Amino acid sequence: MKINRFRFIAGVFVLMASPLANAQAPFILNDPVDISKDFKDYTNTYFLADNLKTFDPASLSGTITWKRARYTTRQAFDNTMSGLDLAPQNEFPGIEYAADPVLPFSIQFVSPKTIRIRATSGPQYHKSEASLMLVKEPATDKSWQYAKIAGGHQYKSAFGRIVIKENPWKIEVWDAQGRLLTQTRHQTDGKSSFTPTLPFSFVRRASDYSRSIAAVFSLMPDEKIYGCGESFTKLNKYGQKVVLWADDVNGVETNEIYKPVPFFMSSRGYGMFMHTSSPITCDFGATFNANNALMIGDDELDLFVFLGEPKDILDEYTNLTGKAAMPPLWSFGLWMSRITYFSEEDGRKVAKQLRENKIPSDVIHFDTGWFETDWRCDYQFAPSRFKDPVGMIQDLKKQGFHTCLWQLPYFVPKNKLFTEIVDKGLAVKDGKGNIPYEDAVLDFTNPTTVQWYQDKIGGLLKQGVSAIKVDFGEAAPLNGVYSNGRTGFYEHNLYPLRYQMAVADITKRINNENIIWARSSWAGSQRFPLHWGGDAESTDMGMESELRGGLSLGLSGFSFWSHDAGGFTTKTPEELYRRWLLMGLFSSHTRCHGQAPKEPWEYGKSFNDYFRKATEMRYKLMPYIYAQAKQATEKGLPVLRALFVEFPNDPGAWQVDNEYLFGSDILVAPLFESGLRSRNVYLPQGQWIDYQTGKVYAGGWHTIEAGELDIILLVRDGAVLPHIKLAQSTAEMDWTNLDLVVYSANGNTAKGIVCLPADNVVKTVSLTKKDSAFGLDTDPLNGKVKWKVKYYTELSVK
């Protein structure tokens with residue numbers, strides 16, 4: 001028996017036949033679009049990259065012949081297998097259409113470490129626009145040297161070489177030491193296996209003649225893959241199939257992603273950025289171990305390849321897509337929140353209690369309840385519960401608190417703004433001109449919508465609000481028709497970037513600060529800090545999964561990341577809160593948020609005292625945190641770093657995904673399991689000093705007991721950590737009086753990044769042999785103290 005089902009492909013709905021009703025779950029609203037299914041469909045036609053038909057070494061452009069193929073089956077001993085076989089032409093009249101099309105291909109050298117590969121599956125008639133994902137169209141680097149070689153062409157820089165083979169067509173990527181890093185896969189590469197494999201190809205769907213490209217590269221033994229955005233599965237993506245589609249996943253114990261990013265890096269010394277907003281499925285050896293199949297929904301390939309170690313790759317990638325702007329100093333303080341504070345009284349009360357309990361804090365966040373009707377966003381404080389919101393914001397500012405407000409870009413029919421949005425054409429439409437959902441979804445491709453929206457947000461900022469929570473953004477209609485004429489197939493993944501850009505731009509314009517608080521993302525979103533980890537389960541596994549997501553996002557070009565300390569979904573058990581709080585305090589930004597209560601005094605005096613002590617530790621380390629943040633924005637580095645970012649030559653560092661480096665010098669190993677105060681910790685090469693106990697450990701595996709606070713913190717031997725006198729907010733900090741604490745196993749010399757007042761001599765160390773220094777565009781206290789961040793290769797203890 002067959003049943004009919006509908007499927008959305010490349011911008012249209014098509015009717016399909018399914019032989020088994022329960023073989024696959026039905027497609028429901030905002031399910032991730034998995035392109036890989038189209039690359040194993042018997043109704044489709046496939047074209048396999050075969051040979052280099054023409055090539056001009058000077059312009060680096062030519063053409064590729066693509067051989068036509070179809071999926072066929074073969075059977076042996078009661079087992080059926082399927083694979084691609086070359087096929088005859090099926091169009092009439094055949095003379096009008098190419099059986100094996102010859103299509104354009106080009107490469108571009110963007111820098112000595114970056115190569116751009118472009119190809120198309122057919123003619124392109126659309127109007128080309130500047131990419132939102134790129135900070136600018138990249139220029140061409142002239143340093144690569146050309147040589148004609150037997151059977152192909154070679155280009156070489158100081159960091160590697162690219163080889164273009166003619167027949168069969170291949171692109172080989174080599175490092176400077178002569179090691180083959182990866183290469184495209186031709187159909188003949190699968191001959192050594194009985195298992196059918198997918199080569200570099202594109203598909204033409206029988207349903208609508210839309211096309212998508214599979215850029216298939218080789219994977220090598222022991223290769224590891226990292227990135228793809230905030231992915232909560234195992235950090236090493238080898239063996240996984242990752243669907244890059246912005247999704248409201250409602251948790252972190254899932255393979256779906258709030259913040260997909262079409263970028264990854266390999267342990268072999270290369271990275272790749274798929275420059276498109278279409279859905280993408282990356283099969284990193286999941287289907288066939290030797291195949292890295294990047295199945296890209298777009299009918300064009302625009303692929304950037306980067307050479308180098310992880311720091312080099314992140315620097316090159318963020319040179320293209322943008323480095324994170326530097327957030328304001330106050331944002332690095334504690335954000336106190338719950339879902340939700342409902343009134344002016346609530347806000348004033350929690351601020352008063354924070355100060356009375358001497359818990360350092362800088363932000364009070366009002367979540368979904370500051371409107372007259374909870375969740376019904378109208379950009380107005382509820383008059384019945386906020387008698388003087390401007391006065392409240394001003395009074396909180398005097399106490400050292402900034403104010404953050406929640407909102408979202410979806411409007412329910414009962415919202416008083418709904419009719420205006422629909423009547424003015426500010427929402428995404430469907431093919432008939434209606435709105436696709438019951439809610440009106442703002443269309444940020446429409447300049448009129450952006451202006452309308454920024455007027456609303458700007459009105460709040462002018463009242464004194466410091467930050468806007470840019471929540472949601474993952475549900476842009478797939479079947480929507482957007483103001484720019486494109487469908488959701490290309491606009492869905494771009495929606496977070498457009499949305500966040502609108503808020504970041506108006507915040508910068510009015511407050512002159514780089515700050516939002518966002519959940520979704522795509523390539524380029526890192527330019528608009530900062531992002532948090534979504535609605536984590538309040539469990540041990542939720543805590544560990546959240547960390548993997550943060551590390552993965554950091555390996556995708558994002559310098560700043562936070563999460564809801566304690567988890568979001570239920571009231572946090574005190575024992576879990578004790579452990580999770582420390583992971584939150586050792587993130588780039590710290591927010592306590594989720595189901596009530598979140599305020600420490602609600603858990604009793606003992607936890608309140610513990611919370612205070614832990615938060616004080618972060619505030620004393622604020623010069624270190626701020627210096628690391630500054631360096632991260634300069635180099636495209638994450639503040640939360642997987643170990644191999646700092647230790648790429650340590651094989652063990654590539655294996656660990658439940659501990660991390662906080663900046664360059666502090667190793668953090670959270671406690672994930674309830675009831676345990678010790679854990680196995682891997683320490684990279686060198687020696688490490690326990691921040692809480694002073695014990696010294698050598699590199700390797702150790703079982704380490706937590707100190708007074710429920711976390712394991714170790715400082716790299718030779719590091720200098722600047723500390724500042726405790727203050728109740730960052731606005732009260734005295735940056736003229738810093739202590740530089742040297743962590744040295746032998747007590748003689750140290751290395752590290754330090755924060756220094758420009759005109760002060762710091763008494764705890766003398767400075768020798770300066771390596772480099774950079775100043776800040778603006779100092780952290782609005783001009784009260786001129787200061788610098790400096791990196792010294794050697795500090796001698798007095």
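What follows is a short chat about how to read some features of this predicted model.

Reader: Let's start with sheets. What is the general idea, and in what order do the strands of the open sheet from β8 to β12 come?

Author: Strands of a sheet pair through backbone hydrogen bonds, and the pairing can be parallel or antiparallel. Here 5 strands make an open sheet, ordered β8-β9-β10-β11-β12, with antiparallel pairing. At the edges sit β8 (145–149) and β12 (180–183), each of which pairs on one side only. From one strand to the next, the twist averages 20°.

Reader: How many bridges pair β8 with β9?

Author: There are 5 bridges between β8 and strand β9 (residues 152–157), in the antiparallel sense. To find your place, look at Ala-147, which stands opposite Gln-154 in β9.

Reader: And which strands does β23 join in the parallel sense?

Author: Strand β22 (residues 334–336) runs parallel to β23 and is joined to it by 2 bridges. Strand β24 (residues 402–407) is also parallel to β23, with 4 bridges between them. Ile-364 is a handy landmark: it is the bridge partner of Met-336, and it stands opposite Thr-403 in β24.

Reader: Which helices does the chain pass through on the way from β22 to β23 and from β23 to β24?

Author: From β22 the chain goes through helix α2 (residues 344–356) to reach β23, a right-handed β-α-β crossover. From β23 it then goes through helix α3 (residues 389–398) to β24, and that β-α-β crossover is right-handed too.

Reader: Are the faces of β23 covered or open?

Author: Both faces of strand β23 (residues 363–366) are covered. Val-363 and His-365 are buried on one side, Ile-364 and Phe-366 on the other.

Reader: Now a helix. What span should α10 have, at 1.5 Å a residue?

Author: Helix α10 (residues 605–620) has 16 residues, so it should span 22 Å, and its end C-alpha atoms are indeed 22 Å apart. Its buried residues include Phe-607, Tyr-610 and Phe-611, along with Arg-612, Glu-616 and Arg-618.

Reader: On to cysteines, since I might run a gel. How many disulfides does the structure hold?

Author: A disulfide is a covalent bond between the sulfur atoms of two cysteines. This structure holds 0 of them.

Reader: Why is Cys-282 not bonded to Cys-228?

Author: Cys-228 has the closest cysteine sulfur to that of Cys-282, but at 4.7 Å it is too far for a bond. The cut-off is within 2.5 Å. Cys-282 has 0% relative accessibility, so it counts as buried. Cys-377 is in no disulfide either, and the nearest cysteine sulfur, in Cys-404, is 13 Å away. Cys-377 also counts as buried, because its relative accessibility is 1%.

Reader: Last topic: backbone oddities. Which residues are joined by a cis peptide bond?

Author: Most residues other than glycine have a negative phi, and most peptide bonds are trans. Asn-167 and Pro-168 are joined by a cis bond, with omega about 0°. Pro-168 is in the loop between β10 (160–165) and β11 (170–175). Another cis bond joins Pro-529 and Leu-530, with omega about 10°. Leu-530 is placed in the loop between β28 (517–518) and β29 (531–532).

Reader: What are the phi values of Tyr-209 and Asn-250?

Author: Tyr-209 has a positive phi, near 65°, and lies in the loop between β13 (201–204) and β14 (211–218). Its relative accessibility is 45%, so Tyr-209 counts as partly exposed. For Asn-250, phi is positive at about 60°. Asn-250 lies in the loop between β16 (241–244) and β17 (260–266), and counts as exposed because its relative accessibility is 55%.

Definitions and conventions
Residues numbered from 1 in each chain as written. Predicted model: local features only at pLDDT ≥ 70, side-chain atom pairs only at ≥ 80, totals over all residues. Heavy atoms only, no water. Pairing = 2+ DSSP bridges. Axes fitted to C-alpha atoms, helices over the stretch in contact; angles between N-to-C directions. Buried < 20%, exposed > 50% of the residue type's maximum accessible area, 1.4 Å probe, protein only. Right-handed = clockwise from strand over helix to strand, strands pointing away. Expected span 1.5 Å × (residues − 1).
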